[in-house]
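Colleague: Got a minute? I'd like to go through this one with you before I head back to the bench.
Modeller: Sure, pull it up and ask away.

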Amino acid sequence: MKTRDKILQTALNLFNTYGVPNVTLRRIASEMFISQGNLNYHFKHREDIIEALYFQLLEVFNEEKGKLDTEEINFQFVLDSTRAGMEALFRYRFLMIDFNQNMRENPKLHEHFKQLEEVRRTTYLHSFDLAIKSGVMRAPAFEGEYDGLNERIRVFSDYWIASAEVYGEPVETTVDKYHNLLVEMFFPYFTKDSQREFLLKRL
């Protein structure tokens with residue numbers, strides 16, 4: 001692994017464990033047993049590391065978005081796709097644990113994150129459309145119904161990790177718990193066949 005990649009991986013682990021405010025460049029360098037000068041050769045500021053990690057997360061979301069037009073859209077795809085997105089967020093959970101603080105203190109990251117939200121928004125709306133056409137989800141009952149669902153998912157997505165942190169959810173089961181809650185949010189929008197499949201998977 002190249003030094004730059006090692007720095008990012010080490011920083012990610014430290015940010016996730018201790019939070020961004022408690023992790024300095026000096027601490028990252030110390031954890032790696034390298035000089036801060038060596039680290040500064042690759043990243044001059046902590047914010048540069050955070051930005052690089054953000055772009056790693058964005059790449060994962062773009063990969064998931066690309067699958068929408070290449071794979072069959074069925075009930076299992078909905079489960080797998082939503083879980084993949086949540087697992088990605090959880091791998092970079094430091095961004096979400098201190099979400100409001102990170103957005104206030106890093107305007108550049110805030111702008112980047114709004115771009116990420118646009119990727120998430122268009123991905124979900126496109127997936128809803130495909131799921132309706134494939135019979136996984138029902139047609140909207142009124143104009144803008146799925147826009148509302150997308151907004152609720154956005155709020156949930158922004159704060160489920162912070163909630164898990166506040167209430168001390170075990171790391172090992174956090175994604176399982178909150179993914180189940182997310183899929184339950186979809187239940188009223190599933191067709192009858194998808195609802196039956198959902199209930200069978202819970203047995």
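Colleague: How many salt bridges does the rule find across the interface of domain 1 and domain 2?
Modeller: It finds 0 salt bridges there. Keep in mind that this is a predicted model.

Colleague: OK, and how many residue pairs are in polar contact across that interface?
Modeller: The rule gives 3 residue pairs in polar contact between domain 1 and domain 2, both partners at pLDDT 80 or more.

Colleague: Which helices supply the domain 1 side?
Modeller: α1 (3-18) and α2 (25-32) each put in at least two residues of the side that touches domain 2. The largest share, 7 residues, is from α1.

Colleague: What's that side like by class?
Modeller: The side of domain 1 touching domain 2 has 11 nonpolar residues, plus 2 polar and 2 charged.

Colleague: Switching topic, where are the domains split?
Modeller: Domain 1 covers 1-44 and domain 2 covers 47-202. For the contact, 15 residues come from domain 1 and 14 residues from domain 2.

Colleague: How far apart are their C-alpha centres?
Modeller: The centres of the two domains lie 28 Å apart.

Colleague: And what area is buried between them?
Modeller: About 1100 Å² is buried between domain 1 and domain 2, with carbon and sulfur atoms giving 72% of that.

Colleague: Which residues in domain 1 lose the most area?
Modeller: Those are Leu 8, Leu 12 and Asn 16, which together make up 44% of what the domain 1 side buries against domain 2.

Note on methods:
Residues numbered from 1 in each chain as written. Predicted model: local features only at pLDDT ≥ 70, side-chain atom pairs only at ≥ 80, totals over all residues. Heavy atoms only, no water. Domains from an automatic or database assignment. Contact = heavy atoms within 4.5 Å. Buried area = accessible area lost by both parts, 1.4 Å probe. Salt bridge = Lys/Arg side-chain N within 4 Å of Asp/Glu carboxyl O. Polar contact = N/O pair within 3.5 Å; in protein donor to acceptor, adjacent residues only side chain to side chain. Helix = DSSP H or I, 4+ residues; strand = E, 2+ residues; numbered from the N terminus. Nonpolar A, V, L, I, M, F, W, Y, C, P; charged D, E, K, R; others polar.
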